[in-house]
Structure formats: structure tokens, C-alpha cells
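Let's walk through this structure together, starting with one short term and then moving from the overall layout to a few individual side chains.

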Amino acid sequence: MPISPTDQEIYMHQALLQAEIALQAGDLPIGAVIVYDGEIVARGRNHYYTGNVLRHAETEAILQAPKRFDRHRDNAAIFTTAEPCYMCYGAILMWGITHVYYAAPDVHFGASQIHGKGHYEQGRIHTWQGGVLEQEAFRLMLRYSERLCRQHFGARFDEILGTIKGAIS
């Protein structure tokens, strides 16, 4: 099930919309969509800070997927704005999604560190591709981080940001 670069961007834009909803709700801006036969069949967004730490965008999308996919998931693809963590990687494997596309890497908990190393997963995930609209995902994360910094530092935020920029130049 090759997905063209143009279609990858279309689906990732939909995941980014879910990430924007998470951001507006005060959560980490990560979104996901599941695609089957060219149709978005499920959407999810992070509820990590606003609900339950197990409610990641990928697991939310999997839980929202129609029941008709209980046995026919071998051509399903997930598009997520951040590299799946270990937990979500396990859920993707167990649910049977065979194509994974993500925008931004996760250097701390990203499953690229373990992808393809276990016996169970051999041949189960056919596509593992990062970098789809990566900069757009980073912009959302920056907005999230900046908002937290503004809340934490208040009026001093601009002063502190100016100091940091001055130290870099």
C-alpha cells in the first residue's frame, strides 16, 4: 500500500489538526489519524495532561476505529505528528497497523530505538517513515512550550527569551 508523498501530506495535515485541538485544550499537541483504503477512519489527539497519561493520540485513534477493522487491518496506516512512543508502538503492533508515518522524531521515548528488533514484530510493520511535515509539527510543539513558559515566567518571559537569543548570537 504505497502512499504518495502528496497523500502523506494530506493525511498528516489532518493529524496536525488533531494536534491543534489538543493544543487548544491545553495538552501536548500530538494528533493522529488512521487511514484505510484512502479514507480516514479514525482520529485521535493527546489527552496526556488533560485526561489520562495512557490517552495518547495513537491509542485514541485506535480506540476510535470502527469495529469493522477488527479482522481486516493489514493495509491500515497511521499518521501521527510525533514518533510513536514505546506504548503506542506496542498498540500499533497489537492492533495490526502495517504502515506508520510520523512527523517529528522523539529522541527520548521514540520507538525507532526498538523498531524491528523484536521477533514478534518481524514483517508486521512494512512502512516506518518519519519526517512527514516535520517542521509544522515542531511549530506546534514550540507554541505549546512557549505558552507554558509564558505561564510560568509571566511578564519576564520576553526578557528571558531575549537573554537566551542574545547568548546564542
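A residue is called buried here when its relative accessible area is under 20%. Keep that cut-off in mind, and keep in mind too that this is a predicted model.

With that term in hand, turn to helix H2, which spans residues 57–64. Its buried residues are Ala57, Glu58, Thr59, Glu60, Ala61 and Ile62. That makes six of the eight residues of H2, so the helix is largely enclosed by the rest of the structure. What do the buried residues of H2 pack against? Their partners are three strands, E1 (31–36), E2 (39–45) and E3, together with helix H3 (86–95).

It helps to see where these elements sit in the whole. The protein chain holds five helices and five strands, and along the sequence they follow the pattern α-β-β-α-β-α-β-β-α-α. Of its 169 residues, 41% count as buried. Among contacts with a separation of 6 or more, 62% link residues that are 24 or more positions apart. On the outside, the accessible surface comes to about 9400 Å², and carbon and sulfur atoms account for 55% of that.

Now come back to H2 and pick out glutamate 58. This residue is buried yet has no salt bridge. How far away is the nearest side chain of opposite charge? That side chain belongs to arginine 55, and the distance is 12 Å. A salt bridge would need a side-chain nitrogen of Lys or Arg within 4 Å of a carboxyl oxygen. Leaving aside residues up to four places away in sequence, glutamate 58 touches Ala32, Ile78, Thr80, Ala82, Pro84 and Cys88.

Strand E3, one of the elements that the buried residues of H2 pack against, also leads us to the aromatic side chains. A search of the whole structure finds four aromatic pairs. One of them joins tyrosine 11 and phenylalanine 79 in a tilted arrangement, with 5.2 Å from centre to centre and 50° between the planes. Tyrosine 11 lies in helix H1 (residues 5–24) and phenylalanine 79 in strand E3 (residues 77–82), so the pair ties together parts that are 68 residues apart in sequence. Are these two residues buried or exposed? Both tyrosine 11 and phenylalanine 79 are buried. The pair also has company, as Tyr11 and Phe79 form one aromatic cluster with Tyr101.

Notes:
Residues numbered from 1 in each chain as written. Predicted model: local features only at pLDDT ≥ 70, side-chain atom pairs only at ≥ 80, totals over all residues. Heavy atoms only, no water. Helix = DSSP H or I, 4+ residues; strand = E, 2+ residues; numbered from the N terminus. Buried < 20%, exposed > 50% of the residue type's maximum accessible area, 1.4 Å probe, protein only. Contact = heavy atoms within 4.5 Å. Areas by Shrake-Rupley, 256 points an atom, 1.4 Å probe, with all protein chains shown as cover. Lys, Arg positive; Asp, Glu negative; His and termini not counted. Phe/Tyr/Trp six-rings, centres within 6.5 Å; stacked < 30°, edge-to-face > 60°.
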